[in-house]
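Let's take a walk through this structure together, one neighbourhood at a time. Keep the viewer open and follow along as we go.

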Amino acid sequence: MRSAERSVSEKFDDAAARQRCMRYRRRILDISQKVAALHAAPAFSCVEITDVIYRGLMRRESDGKGFSDVFLMSKGHGCMTQYAILEDLGILSSEELDRYCTPQGILGAHPDRGNPGIEASTGSLGHGMGIAVGMAYAEKILRSGKRIFTVLSDGELQEGSSWEGAMMAANLHLDNLLAFVDLNDIGGLEKMSESHTAFYPLREKFESFGWESAAVNGHDCAAMYQAVSARRGGRPYALLCKTVKGRGVAFMEHVPIWHYRSPNKEEYATAIRDLKEVSA
Amino acid sequence: MRNTFAKTFFEAAQKDARLCVVVADISPAGAMDQFRKEFPERFINTGVAEQIMIGMCAGMSIRGLKPFAYTIATFALYRPFEFIRDDLCYQNLPVTVVGIGGGVTYSTLGGTHHAMEDVAIAAAIPNMRVLAPCDPEETRAATQWCVAQEQGPVYLRLGKAGEPVITGNATLPFEFGRLRYLREGGDACILGYGPILKMGIDAAAALEVKGVSVSVVSVHTLKPLDREGIANLLGRFSRIVVLEEMVPQGGLGDAVKAIAWDSGSSCNIQCLSLKHEFIHCYGGHKDLLAAHGLDVGTIVRALDAT
């Protein structure tokens with residue numbers, strides 16, 4: 001175990017990831033002061049997940065600019081996190097992110113295909129899995145070696161279409177498809193663990209659909225990196241990431257209203273003051 | 001039409017390795033079987049699962065392939081409707097959705113298999129183009145257009161099998177977005193789309209015996225509609241019958257009337273379509289159409305009496 005942890009830390013700097021993630025959260029909170037539509041809490045639950053994908057797992061093009069692997073934000077309402085990371089990577093300009101949700105800008109509260117770094121338009125849930133399966137299959141028959149990384153919400157796995165896709169992914173032996181499920185437990189209305197108990201167990205569902213699967217703490221970048229690095233391969237891969245909706249801002253954590261709301265001035269001040277590095 | 005589509009697609013797919021077919025548990029007919037044997041990776045069967053059929057097409061298109069989704073029209077369009085709207089049309093991806101058995105072609109299978117509203121529904125979505133060829137020859141030309149185009153999504157509405165060729169005397173070749181005469185006559189005009197135009201051809205022949213000279217026009221491209229071509233027809237003829245195997249709402253009939261209003265035409269326009277009801281009648285395709293009030297006699301009476 002010790003040596004495995006050492007080898008991970010050599011490849012993935014966990015301390016740097018924690019700093020980045022705090023920066024992304026701060027950036028999202030700053031933007032929250034300009035617009036009402038934000039989806040802050042669902043963005044905060046997938047900050048570490050999205051960071052480890054972009055910074056640890058996806059391969060860069062040889063020119064160092066773009067990525068040879070492909071990212072798809074299936075839970076479109078988490079796109080603030082993706083925008084903040086794309087800005088950090090220099091793919092999305094700060095000017096553009098400053099124009100978020102304004103008539104002068106191009107960025108909306110769900111990602112639109114054609115914008116910098118955005119591969120597909122999502123927002124309606126249950127669509128990302130199918131698109132990701134098509135992408136992964138295309139890369140297979142094009143012999144490109146590219147992998148598709150997608151971030152799904154737990155809520156959208158209630159959509160039957162997600163499971164049509166999951167089934168086809170295994171039928172087509174898409175071992176180049178890696179899905180990260182953001183298990184923040186809170187839907188638009190209530191806690192899934194209380195209202196939809198038959199949704200669980202999830203890992204067994206994926207495995208019975210022919211996927212390889214593992215479960216980790218979705219705020220622990222090193223653990224997620226290590227889990228993916230240890231995958232056996234040969235099948236599509238689902239990493240079930242236990243997360244906290246609103247993670248990083250104490251008063252948002254576990255509180256459903258922050259799915260939609262932007263903090264007011266006082267709340268913003270509190271959030272910035274309390275913002276700390278999230279540790280596993 | 002089904003076989004002609006398959007043959008035309010297969011010919012194109014031999015030259016363009018990006019062309020793929022994604023079906024939802026429908027048996028490959030004719031050349032589609034050959035395509036499957038020759039290019040097994042490019043023929044995907046999702047099983048009875050239409051949402052992933054469309055979703056996969058979107059993902060494959062984004063990554064550079066040219067997929068066609070293919071199944072019975074109701075399942076091609078209605079079941080995965082929001083996936084067609086969001087994944088294909090919102091993202092404006094060059095994916096062709098092929099609906100087999102448009103209208104009440106699958107006559108004995110009941111209302112679950114009748115695509116009676118498909119043209120109106122497909123045409124309502126931004127970016128979607130709608131094609132409905134009338135015979136195997138027009139199917140060939142429409143398919144050739146679909147395999148070549150790179151602009152965005154298309155709904156290709158086909159019949160089933162065994163449709164006769166009725167475009168043999170057409171004066172102009174198929175051109176996307178332009179209506180064309182299948183036969184020319186000066187007294188009146190029948191315009192429509194799809195295999196039901198055979199009924200229009202038969203009615204025109206019957207009217208000729210009665211001394212009424214009738215044009216028959218194929219409006220194979222329902223979207224973008226040839227508004228100028230239709231306005232010209234409205235100027236040329238005083239009597240027009242619009243014939244369509246679709247519900248009365250949102251189809252060619254409504255469009256022709258709107259164009260007539262816009263162009264100040266005083267043309268007498270009669271719209272013959274499927275009734276706006278589910279009819280529990282089981283028989284041949286002709287029997288179903290007759291139950292909806294569509295037969296040669298109805299068209300003849302519409303133009304003979306006026």
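The buried residues of α4(A) are Val47(A), Glu48(A), Ile49(A), Thr50(A), Asp51(A), Val52(A), Ile53(A), Tyr54(A) and Gly56(A). This helix spans residues 47–57 of chain A, and with 9 of its 11 residues buried, α4(A) is mostly covered. Please bear in mind, here and below, that you are looking at a predicted model.

Now turn to a strand in chain A. Strand β3(A), residues 177–183, has 7 of its 7 residues buried, so the rest of the structure largely encloses it. In a regular strand, side chains alternate between the two faces of the sheet. For β3(A), one side carries Leu177(A), Ala179(A), Val181(A) and Leu183(A), while Leu178(A), Phe180(A) and Asp182(A) are on the other, and both faces are covered. Which way does its neighbour β2(A) run beside β3(A), parallel or antiparallel? Strand β2(A), residues 148–153, pairs with β3(A) in the parallel sense over 6 bridges. To find your place in this pairing, look for Thr150(A), which stands opposite Ala179(A) of β3(A).

If you step back along the chain from β3(A), you come to the loop that links it with α8 (160–171) of chain A, and His173(A) is found there. The phi angle of His173(A) is near 55°, a positive value in a residue other than glycine. His173(A) counts as partly exposed because it has 14 C-beta neighbours inside 10 Å, and the count needed for a residue to be buried is 20 or more.

Another backbone feature of chain A is at Pro201(A), in the loop between α9 (192–195) and α10 (203–208). The peptide bond leading from Tyr200(A) to Pro201(A) is cis, with omega near 0°.

Next, have a look at a glycine. Gly248(A) belongs to the loop between β5 (237–242) and α12 (265–274) of chain A. Is Gly248(A) buried or exposed? Gly248(A) is buried, because 27 other C-beta atoms lie within 10 Å. Leaving aside residues up to four places away in sequence, Gly248(A) touches Arg25(A), Phe44(A), Leu275(A) and Val278(A). Compare that with Arg235(A): it is 13 residues from Gly248(A) along the chain, and the two C-alpha atoms are separated by 34 Å.

Helix α12(A), which follows that loop, packs against α2(A), residues 14–32. Their axes are 10 Å apart, at an angle of about 170°, and the two helices are therefore roughly antiparallel to each other. On the α2(A) side, the contact is made by Arg26(A), Leu29(A) and Ser32(A), and on the α12(A) side by Tyr268(A), Ala271(A) and Ile272(A). By class, the residues of this contact divide into 4 nonpolar, 1 polar and 1 charged.

Let's move across to chain B. Where do the two chains meet? In this model, 22 residues of chain B are in contact with 21 residues of chain A. On the chain B side, α3 (50–62) and α5 (81–90) each supply at least two residues, and α3(B) gives the most, with 9 residues. The side of chain B that touches chain A has 10 nonpolar, 6 polar and 6 charged residues.

Just along the chain from one of these helices is Asn92(B), in the loop between α5 and β4 (96–100) of chain B. Asn92(B) is not a glycine, yet it has a positive phi of about 50°. With 17 other C-beta atoms within 10 Å, Asn92(B) is partly exposed.

Chain B is also assigned two domains, domain 1 (2–157) and domain 2 (180–304). Their C-alpha centres lie 26 Å apart, and 24 residues of domain 1 are in contact with 25 residues of domain 2. On the domain 1 side, the elements that give two or more residues are α6 (118–123), β5 (129–131) and α7 (136–148) of chain B. That side divides into 13 nonpolar, 6 polar and 5 charged residues.

A last stop in chain B is Pro224(B), in the loop between β10 (221–223) and α9 (227–236). Here the peptide bond from Lys223(B) to Pro224(B) is cis, with omega near 0°.

Terms used:
Residues numbered from 1 in each chain as written. Chains lettered and ligands numbered in written order. Predicted model: local features only at pLDDT ≥ 70, side-chain atom pairs only at ≥ 80, totals over all residues. Contact = placed C-beta atoms within 7 Å. Helix = DSSP H or I, 4+ residues; strand = E, 2+ residues; numbered from the N terminus. Nonpolar A, V, L, I, M, F, W, Y, C, P; charged D, E, K, R; others polar. Domains from an automatic or database assignment. Buried ≥ 20, exposed ≤ 12 C-beta atoms within 10 Å, placed from the backbone. Axes fitted to C-alpha atoms, helices over the stretch in contact; angles between N-to-C directions. Parallel < 35°, antiparallel > 145°, perpendicular 65-115°, else oblique. Pairing = 2+ DSSP bridges.
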